[in-house]
Amino acid sequence: MKIWVDADACPIVIKEILFKAAQRTGVEMTLIANQHIRVPAAKNITSVQVSAGFDVADDEIVKRCQANDLVITSDIPLAAEAIEKGAFALSPRGEMLDKENVRGRLNIRDFMDTMRASGVNSGGPPPLNHSDRQNFANHLDRFLTQHHR
């Protein structure tokens, strides 16, 4: 089991939670981004810089992830592709995505894209708050307890 982080859009506070969890459990974690990402000096935490471009980091995560891995992303299409490979997906807001709920989330995302394309301003998601961070940390701990051996 490995953790893959869509690091370009991952909030710093979520990365810090992930760093602590990886150091505590020894789970191998890789952050993938279009830019250099600093990581703690730990043998189980690495970062990979991919070339700039639309979905380049997402494609790299999909290529590398395997069944039972955990992908940290707010990108619903990336989550759906990882889940198709048997991985799990957790958003920075603490929403665990799986085969049962990812299709519904994709439909909502596509609907919102259509609305934005037609000129409707949805305002985007609210800023990450303490409750979101706590929800993320709780789901991460629960997942690591159940899947890491």
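This passage walks through the nonpolar cores and the aromatic pair of a predicted model.

Start with the largest nonpolar core, which has 22 residues. Its members that touch the most others are Ile3, Val5, Leu18, Met29, Leu31, Ile72 and Leu140. Quite a few elements chip in: strands E1 (2-6), E2 (28-33) and E4 (70-72), plus helices H1 (12-25) and H5 (130-147), each supply at least two residues of this core. H1 gives the largest share, with five residues. For a close-up, take Leu18: setting aside neighbours within four places in sequence, Leu18 is in contact with Ile3, Val5, Cys10, Met29, Ile72, Phe136 and Leu140.

There is also a second, separate core, this one made of 11 residues, including Val50, Ala57, Cys65 and Ala82. Ala82 sits in helix H3, which covers residues 76-84. With a relative accessibility of 0%, Ala82 counts as buried. Not counting residues up to four places away in sequence, Ala82 touches Cys65, Val71 and Ala87. As for Asp58, its C-alpha lies 9.6 Å from that of Ala82, with the two positions 24 residues apart in sequence numbering.

Then come the aromatic rings. The structure holds one aromatic pair, formed by Phe88 and Phe143 in an edge-to-face arrangement, 5.1 Å from centre to centre and with 65° between the planes. Phe88 belongs to strand E5 (residues 88-90) and Phe143 to helix H5, so the pair ties together parts that are 55 residues apart in sequence. As for how covered the two partners are, Phe88 counts as partly exposed because its relative accessibility is 24%, whereas Phe143 is buried, with a relative accessible area of 3%.

Terms used
Residues are numbered from 1 along each chain as its sequence is written. This is a predicted model: local features need pLDDT of at least 70, side-chain atom pairs count only at pLDDT 80 or more; totals for chains, interfaces and linings use all residues. Side-chain values use heavy atoms; hydrogens and water are left out. A nonpolar core is a set of buried Ala, Val, Leu, Ile, Met, Phe, Trp, Tyr and Cys residues joined through side-chain atoms within 4.5 Å. Buried means under 20% relative accessible area, exposed over 50%, partly exposed in between (1.4 Å probe, protein chains only). Helices (H or I, at least four residues) and strands (E, at least two) are DSSP runs, numbered from the N terminus. Contact means heavy atoms within 4.5 Å. Rings of Phe, Tyr and Trp (its six-membered ring) pair if their centres lie within 6.5 Å; planes under 30 degrees apart count as stacked, over 60 as edge-to-face and the rest as tilted.
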